[in-house]
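Work through the following exercises with the structure open beside you, and try each task yourself before you read the solution beneath it.

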Amino acid sequence: MSRLIVTELIKLRTIRSTWMLMGIQQAVVIASLCVLVVVGADLRASTAVRQFLSQAAFMSSLFSLVLGILAVAGEYRHRTITDAYLTTPRRGRVIAAKLLALTGISAILGVLSALTALGVTAVVMNIRDASFDLSSVETWRSVVGVIAGNALYAAIGVSIGALIRNPTGAIAAALLWITLAEGIVASLLRDLSQWLPNASLLALDYSPGRMASDSQLLPQWGGALVLAAYAAAFALLALATSVRRDVT
Amino acid sequence: MTTVSARGLTKHFGVVRAVEDLTFEVPPGMVTGFLGPNGAGKTTTLRMVLGLIQPSAGEALIGGRRYQQLPLPRRVVGAVLEATGYHPGRRGRHHTRIAAGFAGADGRGIEHVLDQVGLLDAADRRVGSYSLGMRQRLGLATALLGDPEVLILDEPGNGLDPEGIAWLRHLLRGLAADGRTVLVSSHVLSEVAQTVDHVVIINSGRLRFSGPLRELASGTVAVRTSQPEELRRHLARRGYEVTMTGASTLEVRGATTEQVGQVAATAHVALSTLTDNGASLEEAFLRLTSSKEPAAATASS
């Protein structure tokens, strides 16, 4: 299995889109934090650092999701999946290696995004004469949220890519769910909406009252558990279907 | 020495019967052509052999085992399926690196196969800039990484220029001479006629012929003699297939005019005519792949 994971890492690092996606991820994290400042976030509020980190976590997780999707759907698109399955006919192992590799990579990307967010926050607060406090436990819970959110969204991305197999379709479906569909479903489910995947991510991101609906979010650990359960369920579905499908 | 075999191999996609009850053997130590017109089921069959498509019935075995049961398949089978299985942004050398670990090849192994297919100079270019022929060569390099006993190539001639085809012929014949099993698909017989020793021909998913190439092309020899019955007995004793076509004419299958003349001379039978009706390879191939009747001609191999 370790050789399979190394192989997945070689695949990732030998194409430019991986590096471009990682670069854009950090750029978007910075841009979204600048937007927060421009729209007038209260930098002196006790929750300011948490608010910045949770914003970074959400934007960063979207890119980790796309990275996960492309790791599988991209292989189907370029038909390199044929070579992957010729090398390892036990396809479940290929998908499992991708899950592990992308989860690991995205956790590191989460660390990177958290560092970027803390850096931007420190600079902005310094300019505005607000005190930047890293000693708070809340801040570190937010950092954990960034890392875990990226890792879990990447894992879900791998599974979605394995299920839908067309990169454009898979990315569109995932983003449509996050931006639109979940909101509609949530309004129908009312109190149960806190159990939906993106609501779980928001809970995990530990965002302090960023939206009016945040009061309905699960506690952070609850969000983590529910999102992990989604990741596991998608992974099982992806493993089961990938093993049986014909690769034509 | 590894034989590839199909036993009752069948694949239905919904109502489409892509492959129907195929049974054939691909012997080691020679190049076998897997022939049939476009849409005959060649690619589906090869993908079933390689475990990529689940057969509806039957099985395909490589050295007696299914592909999925091979512990390190890259070291047993090298396959090139299509020229599109590449990420255009990846460099050629990196493409081969992905499979190298599982093929038991290190950096030197990669250099060796890239050199073998003549891609060493282009190895650090992105595959997107490769010509179709170069991509075929890259696929071949990846297939050769594990020094496999079995090579399976789907339409390898596509995109190769005449020089490339000659190079490929030389390479495949060399690999077969080492005792390897080489299976090459094509929809044009003339493309592989000079390369293959053995052929498996399918049409509409069914087997039409399986055997040595020379038996596919075996024409007939027409003989006219005043002692047809006498000659028929002598020819039949030597194992030739003889048909009486008239009161004084015979048709002999699987023999040359020299052989028939020799038999006649030994038997002291006088001949008034001895003609070679020889069917060309192309004619035999067209006859097998255009006819709709399902009868399969199978020669012993």
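**Exercise 1. Salt bridges within the chains**

Task: Find how many salt bridges there are over all chains, and describe the pair formed by A:Glu138 and A:Arg50.

Solution. The model is a predicted one, and in it the count comes to 18 salt bridges over all chains. As a first step, look at the side chains of A:Glu138 and A:Arg50, which meet in a salt bridge with an N to O distance of 2.9 Å. Next, place the two partners along the chain: A:Glu138 is in helix α6 of chain A and A:Arg50 is in helix α3 of chain A, 88 residues apart, and the pair thus links distant parts of the chain. Finally, judge their surroundings, using the cut-off that buried means under 20% relative accessible area. A:Arg50 has a relative accessible area of 12%, so it is buried, whereas A:Glu138 has 32% and is therefore partly exposed.

Task: Repeat these steps in chain B for the pair B:Arg17 and B:Glu20, and then for the pair B:Glu111 and B:Arg93.

Solution. In the pair of B:Arg17 and B:Glu20, the closest N and O atoms are 3.5 Å apart, and the two residues form a salt bridge. B:Arg17 is exposed, with a relative accessible area of 53%, while B:Glu20, at 14%, counts as buried. For the other pair, the side chains of B:Glu111 and B:Arg93 meet in a salt bridge at 2.3 Å, N to O. B:Glu111 lies in helix α3 (residues 107-116) of chain B and B:Arg93 lies in helix α2 of chain B, so this salt bridge ties together parts that are 18 residues apart in sequence. The relative accessibility of B:Glu111 is 33%, which means that B:Glu111 counts as partly exposed. Salt bridges can also share partners, and in this way A:Glu8, A:Lys11, A:Glu75 and A:Lys98 are joined into one network.

**Exercise 2. The contact between the chains**

Task: Describe the contact between chain B and chain A, beginning with how many residues each chain gives and going on to the area that is buried.

Solution. Begin with the residues: chain B gives 31 residues to the contact and chain A gives 25 residues. Then take the area, of which about 2,600 Å² is buried between the two chains, with carbon and sulfur atoms giving 55% of this value. On the side of chain B, the residues B:Leu52, B:Arg90 and B:Phe102 supply 24% of the area that chain B buries against chain A, more than any other three residues.

As a further step, turn to the pairs that cross the interface. Two salt bridges are found between chain B and chain A, and the side chains of A:Asp246 and B:Lys11 meet in a salt bridge at 2.8 Å, N to O. In addition, 13 residue pairs are in polar contact across this interface, with both residues at pLDDT 80 or more. The elements that give two or more residues to the side of chain B that touches chain A are β1 (4-13) and α2 of chain B, and α2(B) gives the most, with seven residues. Sorted by kind, the residues on this side of chain B divide into 13 nonpolar, eleven polar and seven charged.

**Exercise 3. A glycine in a loop**

Task: Is B:Gly89 buried or exposed, and which residues does it touch beyond those up to four places away in sequence?

Solution. First locate B:Gly89, which lies in the loop between β5 (77-80) and α2 (92-103) of chain B. Its relative accessible area is 6%, and because buried means under 20%, B:Gly89 is buried. Leaving aside residues up to four places away in sequence, B:Gly89 touches A:Thr14, A:Arg16 and B:Arg126. B:Gly89 and B:Arg126 are 37 residues apart in sequence, yet 5.5 Å apart in space, C-alpha to C-alpha.

**Exercise 4. Positive phi angles**

Task: Where does A:Arg79 lie, and what is its phi?

Solution. Start from the general expectation that most residues other than glycine have a negative phi. A:Arg79 is not a glycine, and its phi is positive, at about 60°. A:Arg79 lies in the loop between α3 (48-77) and α4 (80-87) of chain A, and is partly exposed, with a relative accessible area of 36%. For A:Arg165, phi is likewise positive, near 65°, and this residue is found in the loop between α6 (137-164) and α7 (167-189) of chain A.

Technical notes
Residues numbered from 1 in each chain as written. Chains lettered and ligands numbered in written order. Predicted model: local features only at pLDDT ≥ 70, side-chain atom pairs only at ≥ 80, totals over all residues. Heavy atoms only, no water. Helix = DSSP H or I, 4+ residues; strand = E, 2+ residues; numbered from the N terminus. Buried < 20%, exposed > 50% of the residue type's maximum accessible area, 1.4 Å probe, protein only. Contact = heavy atoms within 4.5 Å. Buried area = accessible area lost by both parts, 1.4 Å probe. Salt bridge = Lys/Arg side-chain N within 4 Å of Asp/Glu carboxyl O. Polar contact = N/O pair within 3.5 Å; in protein donor to acceptor, adjacent residues only side chain to side chain. Nonpolar A, V, L, I, M, F, W, Y, C, P; charged D, E, K, R; others polar.
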